[in-house]
Amino acid sequence: MLELSLSSLFEANFGMPHSLDLEEISVLRCRFSLRGKMDIWNKVDITTMDRRQITLLGTGSCVVLTVLFTVKLLMQHLSQWKNPKEQTAILIIILMAPLYAIVSFVGLVDFLGSKTFFLTLESIKECYEALVLAKFLALMYSYLNISISKNIVPDEVKGREIHHSFPMTLFTPHTVRLDHNTLKLLKYWTWQFVVIRPVCSILMIALQLLHIYPSWLSWTFTMILNVSVSLALYSLVAFFHVFTKELAPHKPLSKFLCIKGVVFFCFWQGIVLSMMVSMGIIKSHHIWLDVEHIQEAYQNILVCVEMVLFSFIQQYAYPVAPYIATKEKKNK
């Protein structure tokens, strides 16, 4: 049947009947497939698209780039799987960018979704963000051979001073000595966000569904989450300052900035957009479109674009080179 159809196409194109062998059928199949793809591509005319189609095309391209950069780095680590504890944490961290990009793109596709829908998408991103912060601290502990559960703290780091700054000095002494309990406290300050974030998300979604979610309650949750994420990030910064010398070979600053950049860009630009809506800078010019949907669209567009940058930077912040070097040393 396939041979007859391709023979008919050959006769229609070249004006003579012809019996095709398997090789000719394969060549013609490739040619017509390529021609079909070219016809589809030629039909994509940006000048005839509306704003929504152009936005989806642009953000969709950003999502594809983000996924490609991440998959490349992920495959490199999987091909050099030498330290499962560290590299598992790295994989969880680098998957943050494509997750944010995909979830934001879904929000753009269903542009007129309900508030509960958008809140659910936002909660998915932020719950994963909490997991990433915890995994980053676990990665730093692994670099230093510290184990809180096994009470392993290198003797050379015990007794170091941690200098807290305001407002933490309201709750803790200005200077504390580093020991097992201090490290455990830093870990708890990070992990509290891993617990608070999902709990707040569940409560916010439930209250939305019950239609008892006034604006003051929304701002209350925002303040709670702001304090929680700030405490988690503060613990990471304090940990970094104490172990700057030991962590230097692992380039922790670039690793931390990748996470902090994603967290702060997404969180604070959301706050800024909310303020712009409250001030009337962002407004709707259509009866059928409320300003909250416009705000969500701006946020999702910005996230899709930003994740391309962060997924690219991650190639240098979380390289596979140290694990290749480990393999070469073992071979020697």
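Here is a quick tour of a predicted protein model, from the overall layout down to a few single residues.

Local features are described at pLDDT of at least 70, side-chain atom pairs count only at pLDDT 80 or more, and totals for chains, interfaces and linings use all residues. Residues are numbered from 1 along each chain as its sequence is written, and side-chain values use heavy atoms, with hydrogens and water left out.

**The big picture**

- The protein chain has 12 helices and two strands; here helices (H or I, at least four residues) and strands (E, at least two) are DSSP runs, numbered from the N terminus.
- Going along the sequence, the order is α-α-α-α-α-α-β-β-α-α-α-α-α-α.
- The chain is 332 residues long, and 43% of them count as buried. Buried means under 20% relative accessible area, exposed means over 50%, and partly exposed is in between (1.4 Å probe, protein chains only).
- Take the contacts with a separation of 6 or more: 72% of them link residues 24 or more positions apart. A contact means heavy atoms within 4.5 Å.
- About 19,200 Å² of the protein chain is exposed, and carbon and sulfur atoms supply 67% of that area. Accessible areas come from the Shrake-Rupley method with a 1.4 Å probe, and for residues only the protein chains shown count as cover.

**Helix 4 and its residue I93**

- Helix 4 covers residues 84–94, and it is largely enclosed by the rest of the structure because eight of its 11 residues are buried.
- Those buried residues are E86, Q87, A89, I90, L91, I92, I93 and I94.
- I93, part of helix 4, counts as buried because its relative accessibility is 1%.
- Not counting residues up to four places away in sequence, I93 touches V132, K135, F136, L139, I259, Q314 and Y318.
- I93 and E129 sit 36 residues apart in sequence, with 8.7 Å between their C-alpha atoms.

**Helix 6: F136 and K125**

- F136 belongs to helix 6 and is buried, with a relative accessible area of 3%.
- The C-alpha atoms of F136 and I93 are 7.3 Å apart, though the two residues are separated by 43 residues along the chain.
- Setting aside residues up to four places away in sequence, F136 touches I93, L236, P252, K255, F256, I259 and Y318.
- K125 is also found in helix 6, which runs over residues 115–143.
- K125 counts as buried because its relative accessibility is 2%.
- Beyond its neighbours within four places in sequence, K125 is in contact with Y100, V103, S104, N300 and V303.

**Helix 7 and what comes just after**

- Helix 7 takes in residues 180–209, 30 in total, and spans 44 Å from its first C-alpha to its last, close to the 44 Å expected at 1.5 Å a residue. That expected span is 1.5 Å times one less than the number of residues.
- A kink of about 25° is centred on T190 in helix 7; the bend at a residue is the angle between axes fitted to the seven residues ending there and the seven starting there.
- Q192 has its place in helix 7 and is buried, with a relative accessible area of 17%.
- Apart from neighbours within four places in sequence, Q192 is in contact with S228, L231 and A232.
- H211 comes just after helix 7, in the loop between helix 7 and helix 8 (215–242).
- H211 counts as exposed because its relative accessible area is 72%.

**Two positive phi values**

- Most residues other than glycine have a negative phi.
- H211 is not a glycine, yet its phi is positive, at about 60°.
- K251, another residue other than glycine, has a positive phi near 50°.
- K251 lies in the loop between helix 9 (244–247) and helix 10 (252–278), and it counts as exposed because its relative accessibility is 58%.

**A nonpolar patch on the surface**

- V71, M75, L78 and W81 form a nonpolar surface patch, with about 350 Å² of accessible area together.
- Patches are made of residues with over 30% relative accessible area and no salt bridge, with like charges joined within 9 Å and nonpolar side chains (Val, Leu, Ile, Met, Phe, Trp, Tyr) within 5 Å. A salt bridge is a side-chain nitrogen of Lys or Arg within 4 Å of a carboxyl oxygen of Asp or Glu.
- L78 lies in helix 3 (residues 51–79), and it counts as partly exposed because its relative accessibility is 40%.
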